[in-house]
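Please open the structure in a viewer in which residues can be selected by number. The tour below proceeds stop by stop, stating what to select and what is found there.

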Amino acid sequence: PGSNGCVAFRREKGEPMGGPSGGRGGSGGSIIMKVDTRLNTLAPLRNRVHVRAGKGNNGIGKNKDGKCAEDVIVLVPPGTLVRELHTGKLAGELREEGDELLVARGGRGGRGNAAFMTAKRTAPRLAERGEPGAARWLSVELRLVADVGFLGKPNAGKSTLLACASAAKPKIANYPFTTIVPNLGVCDLDDGEGLVLCDVPGLIEGAASGTGLGLSFLRHVQRCRVLLHLVDGTSEDPIGDFRTINKELELYDEYLASKPQVVVLNKMDVSEVRENSTSLIEELKKEAGHTRVLAISAVTTENVKELMSRLKKFVKVQPEADLPPLPEIDFSKAGLEYDSDEFEIISDPAYPGQWRIKGEYIEQVAKMTHWEYPEAIERFGRQLEALGIAAELERRGAIDGDLIMIDEYDFDFAPGMTNMYIPPELLEKDFLYEQQRSSDTARGMLVDNDGEEEELPWRPFTEGGYLDVDRDELVGFEEEEDWDMLLGEDGEFNEDYVMQEGDDMWTSN
């Protein structure tokens, strides 16, 4: 979050009216995700659930602004998709080295009283609180970016092919689902250009609906330019396996199913497969609808180099990867950047006299208002008038004394006046202060248990005697007989009244 502004006045020798000099608070740090090509997993984020940026320093006097906090950089691998957790809306995708995405913007610092000085208000006694920073839960998803993605049934030899074609060392064993996480490898060819390969764990029937963690694996091949479909030659039904995988691709994503494929018949080192290779290749060409079919042996590396060379040429002629999806939500927009006219007034007939006001702008204004300063409270009331909220409340039937709720702040509605909100803790402090003050300064007539008045002892004037009432020295002019001396026989005021001996005359100096 941002830091608070300062209320201060310049007090220097020779400057009797220096004016306001409160600086603004420093802005809070933002959280930014940045691509690092050295990473290929989101494991560091799994162990770092909460990411927090620092808070700026408060403003001080002499127009000194607070120091801004530094941004926090979170490194992620290429192919990272960021979504809002609760709504599932996409915020953006990070692909290339150096790509950045602002996921949580730091709040700006509150203004000091120097920023509120005008020609009429030369000595403002108010400041703003720091703007609260963004806080949200994110869903971070990795889709590996590779040139070629391996597809196939479990135990079809995908990891073996990756190991013999690159320097990668995936886990290899003679049982299904040996690979449980995607693996990346780079095949170095003679021309010096590498071919990025992605080994995806085996897919089974129902993978498009989540069977066998299919949803977690299929997304990794969405960013590949070419799909390498490995068919296990030792399977009971190699053609059926080929159909099953293609069907799952179509059910998961039609665009993924339309990607160009290269079909590979693996395990030519087995004699039965080699004997039936000709017929299998013909059937695969017919089923695939193209002639990009090759028989290899990943164990003996037979035709592996030729396969990689053909793949490289085929990848070069393919168009660039699809464009990043359009973002559905903008994390870089702060509350005060929303339209001030976008607010909603909610009322419930079951609770008459209560009104809830919702809106990014007005809620942010309420959070930044420094309620301890009376001038800040008056300013908030003027903002309600200027934004049209007070007029809208009156139009909808709100009356004086109704409860108004904005975010966590509640106050009484006062049309045509400043809608004052005083925090409960300040009301309690005022009550205790008034109670203490009344007990310390109470002077006057004491009353005993019998209801009889007791006279206070005489006190000097300088010690509070001016508060004591001396009834003997006062004349009660409310009594009628006190005025009878000024009236004539007819009851009218006698202007010819003649002073008699013993009468007092009041004169002014």
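The stops that follow go from the whole chain to individual strands, helices and residues.

**The whole chain**

Begin with the entire protein chain, bearing in mind that this is a predicted model. The chain contains 11 helices and 18 strands. Of its 509 residues, 39% are buried. The accessible surface amounts to about 30,600 Å², and carbon and sulfur atoms account for 49% of that area. When contacts between residues at least 6 apart in sequence are taken, 68% of them link residues at least 24 apart.

**Strand β3 and its two partners**

Select residues 80-84, which form strand β3; four of its five residues are buried, so the strand is largely enclosed by the rest of the structure. Next add residues 90-94, strand β4, which pairs with β3 in the antiparallel sense over four bridges. Within this pairing, threonine 80 has leucine 94 of β4 as its bridge partner. The hairpin of β3 and β4 has five residues between the strands, and glycine 88 adopts a positive phi near 75° there.

Now add residues 138-142, strand β6, which runs antiparallel to β3 and is joined to it by five bridges. Here leucine 81 is matched with glutamate 141 of β6 as its bridge partner.

**Helix α2 and its surroundings**

Select residues 158-165 to display helix α2, which is mostly covered, with six of its eight residues buried. Those buried residues are Lys158, Ser159, Thr160, Leu161, Leu162 and Ala165. To see what covers them, show the elements that include β7 (148-152), β8 (183-188), β9 (194-199), β10 (226-232) and α7 (304-316).

Keep α2 and α7 in view for their mutual packing. Their axes come within 11 Å and cross at roughly 85°. The two helices are therefore roughly perpendicular to each other. On the α2 side the contact is made by Leu161, Cys164 and Ala165, and on the α7 side by Val304, Leu307 and Met308.

**The cysteines**

How many disulfides does a search of the whole structure find? The search returns zero. Select cysteine 187 together with cysteine 164, which holds the closest cysteine sulfur to that of cysteine 187; the separation is 8.8 Å, too far for a bond. Cysteine 187 counts as buried, at 5% relative accessibility.

Then select cysteine 198 and cysteine 224. The sulfur of cysteine 224 is the nearest cysteine sulfur to cysteine 198, at 4.9 Å, and cysteine 198 is in no disulfide. For a pair of sulfur atoms to qualify as a disulfide, they must lie within 2.5 Å. Cysteine 198 is also buried, with a relative accessible area of 0%.

**Valine 273**

Select residues 271-288, helix α6, and highlight valine 273 within this helix. Is valine 273 buried or exposed? Valine 273 is buried, its relative accessible area being 2%. Add the residues in contact with valine 273, leaving aside its neighbours within four places in sequence: Gly233, Thr234, Asn266, Lys267 and Met268. A C-alpha to C-alpha distance from valine 273 to aspartate 232 gives 9.2 Å, for two residues 41 apart in sequence.

**The four-stranded sheet**

Move on to an open sheet of four strands, ordered β13-β14-β15-β16 with mixed pairing. Its edge strands are β13 (344-347) and β16 (409-412), each of which pairs on one side only. From one strand to the next, the twist averages 25°.

Select β13 with residues 354-358, strand β14; these two pair in the antiparallel sense over four bridges. In this pair, isoleucine 346 stands opposite arginine 356 of β14. Add residues 360-368, helix α8, which packs on the sheet and touches β14, β15 (403-406) and β16; the direction of α8 makes about 100° with that of β14.

**Helices α8 and α9**

For the last stop, retain α8 and select residues 374-386, helix α9. The two helices pack with their axes 11 Å apart and at an angle of about 170°. That angle makes α8 roughly antiparallel to α9. Display the side chains that make this contact: Ile362, Val365 and Ala366 from α8, and Phe380, Gln383 and Leu384 from α9.

Key:
Residues numbered from 1 in each chain as written. Predicted model: local features only at pLDDT ≥ 70, side-chain atom pairs only at ≥ 80, totals over all residues. Heavy atoms only, no water. Buried < 20%, exposed > 50% of the residue type's maximum accessible area, 1.4 Å probe, protein only. Contact = heavy atoms within 4.5 Å. Areas by Shrake-Rupley, 256 points an atom, 1.4 Å probe, with all protein chains shown as cover. Pairing = 2+ DSSP bridges. Axes fitted to C-alpha atoms, helices over the stretch in contact; angles between N-to-C directions. Parallel < 35°, antiparallel > 145°, perpendicular 65-115°, else oblique.
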